[in-house]
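User: I am in my first year and want to learn how structural labels are earned. Please take me through some of them for this protein.

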Amino acid sequence: MKKVFLLLFVLFVLTSCMTDNPPQIIGIPRFQGGIMSETVVKAAEDVSPQAFTIFYRVETSAAMYEPVEGIYLAAWLSESTGIREFEYAAGKRHAVFVNEMELGEELPISWLLHCIASLATPMLIIHPPTNPDLYDIPEVELLIYLAQRLGSFNLPMFIVFYPDETHTRMPAEYTLLFRQARNTFHAHAPMAAFVWVAPSYTATPSSSFYPGHFAVDWVALPLLACWDYEKGFTDVLDNFETFYHSFHRHKPIMVLPLGVSHFTRGDYRYRIHQAAAEIAHIYKALQNFPRLGLIAYADNFTLNRVYRDDFSISVEPQLMVAYSHAITPDHFLQSLERNDTQNAERPNWVRSAHHGYIWEERIYIPIQTITAELSLHAPRQTIEINYSTVTDSRRISEKKITACFHNRVIYVDNLP
């Protein structure tokens, strides 16, 4: 009887240990067609495969004012917030400042002069005219007048043309007007880079509202992290990654604007600590997208917009401190790079749509990356990690593959 009791006790202890200590590995690595040997599986239980972001190097066409490396700092301020005042609070100069106007309005000359005095590049967002006195004037004539006025300043700038019109016009009308505007500025203000704002993160170069690569210098996506009572902040990074993989091979990308809510009128509650942490999280994560070239924080923007959330940071000292810390890395650029080699081919690091793994001191690359992105033949010998078919990087002998454990990045040098 004692022996039976002792046997039951041992079985109970072993079962409890197995329940309390599950294997760390998420998916047991498998050969195509069969499980690995038992010794390998046991080793996998001790050290699980670590997911790494993959970057590979390709030749891309440099766009107007696209930085070789890094992200331009930009801010969208209210009229009551001065450029110098904001930069002093942020502790860092900004490369670009944003303003908006309606087509047919007088230029914001005072703001332009402040940009020039601060050695910052202006970004003007152009909205359709709402003044009834201008309805009888063709938009093309208003565009010519605006381009001539801006061209007389003879300075680099960004023009964001009709960002909200995809909701009110037919695709053919919108794209035709966008191309006319780009041609007009090319003739009268050739130092202006044209920016297309996507209507949603699911937009692609084949979308009906996209004016075409020849008419667009940069593409932009708004990222507004609003607070949800059940889920917390909306996952803007997931949306951005979807958009990024659609356009990064063709154009540099802007976040225009970026906003993190610290006050919601739905429940009239302030969430300063949560917003400060989210600002730090987003700015750190966005550094991992090589062709993201500009982030404009929405400190205050109001024209034709009514939001239940408050995204401003200059009115809250704690948020301003969080923003100042978030933009400290040298990766965030303080001045515009005036490249004279627009459309010239140059090496660029591209972020893969798939993750690689490091396991047992070996680097594993997904088959999708090898075939679809690197345009190589897939090796026959593969394994499966976390439901992804991968191969040992040593089987890709024609490429130099290295890893950075600090940043959790695998680099594939895809150039000769």
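User: What makes arginine 394 and aspartate 392 a salt bridge?

Analyst: A salt bridge is a side-chain nitrogen of Lys or Arg within 4 Å of a carboxyl oxygen of Asp or Glu. In this predicted model, the closest N and O atoms of arginine 394 and aspartate 392 are 2.9 Å apart. That value is within 4 Å, so the pair is a salt bridge. Local features here need pLDDT of at least 70, side-chain atom pairs count only at pLDDT 80 or more, and totals for chains, interfaces and linings use all residues. Residues are numbered from 1 along each chain as its sequence is written, and side-chain values use heavy atoms, with hydrogens and water left out.

User: Why is aspartate 392 called buried or exposed?

Analyst: Buried means under 20% relative accessible area, exposed over 50%, and partly exposed in between (1.4 Å probe, protein chains only). Aspartate 392 has 10% relative accessibility, so it counts as buried. Its partner, arginine 394, has 56%, so arginine 394 counts as exposed.

User: Which parts of the chain does the salt bridge of arginine 57 and aspartate 413 link?

Analyst: The N to O distance is 3.2 Å. Arginine 57 is in strand 3 and aspartate 413 is in strand 23, 356 residues apart. Strands (E, at least two residues) and helices (H or I, at least four) are DSSP runs, numbered from the N terminus. Aspartate 413 has a relative accessible area of 21%, so it is partly exposed.

User: How do you know that glutamate 106 and arginine 149 form a salt bridge?

Analyst: Their closest N and O atoms are 3.5 Å apart. This pair also links distant parts of the chain: glutamate 106 is in the loop between strand 5 and helix 4, and arginine 149 is in helix 5. Glutamate 106 is exposed at 55%, whereas arginine 149 is partly exposed at 25%.

User: How many salt bridges does a search of the whole structure find?

Analyst: The search finds ten. There is also a network of salt bridges, which links Glu139, Glu165, Arg169 and Glu173.

User: What makes Ile109, Leu113 and Ile116 a patch?

Analyst: Patch residues have over 30% relative accessible area and no salt bridge; like charges are joined within 9 Å, and nonpolar side chains (Val, Leu, Ile, Met, Phe, Trp, Tyr) within 5 Å. Isoleucine 109 has 31%, which is over 30%, so it passes the area test. Together the three residues have about 230 Å² of accessible area (Shrake-Rupley method, 1.4 Å probe; for residues, only the protein chains shown count as cover). Isoleucine 109 is found in helix 4.

User: Why is serine 80 called exposed?

Analyst: Serine 80 has 66% relative accessibility, and exposed means over 50%, so the label fits. Serine 80 is in the loop between strand 4 and helix 3. Its C-alpha atom is 9.6 Å from that of asparagine 300, 220 residues apart along the chain.

User: What is notable about phi in glutamate 360 and glutamate 361?

Analyst: Phi of glutamate 360 is near 55 degrees, a positive value in a residue other than glycine. Glutamate 361 has a positive phi of about 65 degrees and is not a glycine either. Glutamate 360 lies in the loop between strand 18 and strand 19, and so does glutamate 361. At 43%, glutamate 360 is partly exposed. At 82%, glutamate 361 counts as exposed.

User: Which residues does a cis peptide bond join?

Analyst: The cis bond joins leucine 256 and proline 257, with omega about -10 degrees. Proline 257 is found in strand 12.
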